[in-house]
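Subject: Structure for you to look at

Dear colleague,

Here is the structure I promised to hand over, with the sequence alongside it. Please open it first, and then read the notes below with the model on your screen.

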Amino acid sequence: MARFLKTSRDAAARAEDLHKVRVTVEGILADIEARGDAAVRELSVKFDGWDRDDYRLSEQEIEACLSKLTRRDLDDIRFAQEQVRNFARHQKDALKDIEVETLPGVVLGHKNIPVNSVGCYVPGGKYPLLASAHMSVITAKVAGVKRIVTCAPPYHGEPAPAIVAAQHLAGADAIYCLGGIQAVGAMALGTQSMEPVDMLVGPGNAFVAEAKRQLYGRVGIDLFAGPTETLVIADESVDAEMCATDLLGQAEHGPNSPAILLTNSEKLARETMAEVERLLTILPTAEVARKAWEDYGEVIVCDSYEEMVREADRIASEHVQVMTRDPDYFLANMTNYGALFLGPRTNVAFGDKVIGTNHTLPTLKSARYTGGLWVGKFLKTCTYQRVLTDEASAMIGEYCSRLCMLEGFAGHAEQANVRVRRYGGRNIPYATAAE
């Protein structure tokens, strides 16, 4: 039976935090909808200290940002983007339009149609997370989205050069230096200067995530996002340094980022807890990572691989780092995860930054029912149907007529009956089932 050597913060305290965020976001979105650009500008000044007449970056400003980066910086960005683009293209190739004749004279099909416009949010207030631009803009481009707008907050009082370069090189059609709720609200609702989009994607802090949640339905979104989560599944084939490094590597995202060790070795569990404390004395981001570990870190010891799989599926973590003698066992048996990182030679940072899979992934147990951002999220699979012959229309019509009357829908039945009369030559009384 699973034993907890370390548990996380009380759930009631988390719920109270979420309620405060929800109320704040409701008021701000209402203000943006009512006052448009004026509200957006006031919010940008209030929260980011950033005041402009127009938050869209000009071509000259974009080029100025690129000029602040070295050739190596730009080459590294291009390398990462090519990996994301390459995998996205393979995913797109796996999605096929179909058309089949299911009965003589009855043709059914579907087309994968990209959404027309997407707003991509790129976080950058605490860290300039340029990788988020690759994940959203490039994937939308490969899907065929016609208009892609990006927003990222200022970094140290100006556009973040690396983020702007990533947005531009990825192919964004419009780049705005705008952050937080005001960015998400402006893209979704539209303002006097910003045309609204059909879909919002990209990670963000609790306020950005809540804004996307409240806007869902008016626009599409990629997924409901919470703080970054990591689960390390390990046995004694790896050491405590590796486990502790992978836990803290994600805990540094924020003070409420869960980091969990799941193991069948109590020895490894205790050694990892000690190693976490040692690394926190030298990690430059230890202030954030320590808070996350203290409040949201967990250490769970199981008796077997089977029990580890059950616990892992219960947790349904965003990132799952598997470092065991048989990582393929977890690939074959786990069902609830955002992304798996198999074996000690890979890690979550590879997926976050450069390897090519998408890093916008399900959190808050939503991995139970959805995967992460990918080409398919930007595509609408839309069906169509065509009846080619009189005989097929009359035959389908008879079945339809009877089923509609069984439900009491006489108007629906008449849509079928009129075709049975015209194409089948049958005299069916009005609003009666075909016999």
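Which residue in β14 is the bridge partner of P114? In this model, which is a predicted one, the partner of P114 in β14 is L379. That pair belongs to a longer run of pairing, since strand β3 (residues 106–114) and strand β14 (residues 379–387) are antiparallel and are joined by nine bridges. On the hairpin side, β3 is also joined to strand β2 (residues 98–103), again in the antiparallel sense, through five bridges, and within this pairing E99 stands opposite G109 of β3. The hairpin of β2 and β3 has two residues between its strands, and G105 takes a positive phi there, near 85°. As general background, the strands of a sheet pair through backbone hydrogen bonds, and they can do this in a parallel or an antiparallel manner.

The six-stranded sheet

Elsewhere in the model there is an open sheet of six strands, with mixed pairing and the order β1-β11-β10-β9-β12-β13. Its edges are formed by β1 (3–6) and β13 (339–342), and because each of these has a single partner strand, one side of each is left without a neighbour in the sheet. Neighbouring strands in this sheet are turned against each other by 20° on average, if direction is ignored. At the β1 edge, the pairing with strand β11 (residues 297–301) is antiparallel and extends over three bridges, and K6 stands opposite V299 of β11. Helix α10 (residues 266–279) lies across β1, β9 (230–234), β10 (259–263) and β11, and the helix runs at about 20° to β1.

The positions annotated as a binding site

The UniProt record, which is an unreviewed entry, lists Y121, Q182 and N205 under "binding site". These residues span 85 residues in sequence, yet no two of their C-alpha atoms are more than 12.8 Å apart, so they gather at one spot. Two of the listed residues, Y121 and Q182, can be described in more detail.

Y121 is found in strand β4 (residues 117–121), and with a relative accessibility of 6% Y121 counts as buried, because the cut-off for that word is under 20%. A polar atom of the Y121 side chain lies 2.8 Å from the backbone nitrogen of G180. Q182, for its part, lies in helix α7 (residues 180–189) and also counts as buried, at 2% relative accessibility. A polar atom of the Q182 side chain lies 3.0 Å from the backbone oxygen of G179. If residues up to four places away in sequence are not counted, Q182 touches I32, V40, L43, S44, F47 and D48.

The positions annotated as an active site

The unreviewed UniProt entry places the feature "active site" at E318 and H319. E318 lies in the loop between α12 (305–315) and β12 (319–323), whereas H319 has its place in strand β12. Are these residues buried or exposed? E318 is buried, with a relative accessible area of 6%, and H319 is buried as well, with a relative accessible area of 1%.

With neighbours within four places in sequence left aside, the contacts of E318 include P227, T228, E229, Y337, G338 and H359. On the same basis, H319 is in contact with a set of residues that includes T228, E229, T230, L231, Q250 and D352.

E229 deserves a separate look, as a residue in contact with E318 and H319. E229 is found in the loop between β8 (220–221) and β9, and E229 is buried, with a relative accessible area of 9%. The backbone oxygen of E229 lies 2.7 Å from a polar atom of the H319 side chain, while the side chain of E229 reaches the backbone nitrogen of L364 at 2.7 Å. Among the other residues that E229 touches, not counting those up to four places away in sequence, are P258, A316, S317, P362, T363 and K365.

With best regards

How values were computed:
Residues numbered from 1 in each chain as written. Predicted model: local features only at pLDDT ≥ 70, side-chain atom pairs only at ≥ 80, totals over all residues. Heavy atoms only, no water. Pairing = 2+ DSSP bridges. Helix = DSSP H or I, 4+ residues; strand = E, 2+ residues; numbered from the N terminus. Axes fitted to C-alpha atoms, helices over the stretch in contact; angles between N-to-C directions. Contact = heavy atoms within 4.5 Å. UniProt positions renumbered as here; feature names shortened; annotations may be inferred. Buried < 20%, exposed > 50% of the residue type's maximum accessible area, 1.4 Å probe, protein only. Polar contact = N/O pair within 3.5 Å; in protein donor to acceptor, adjacent residues only side chain to side chain.
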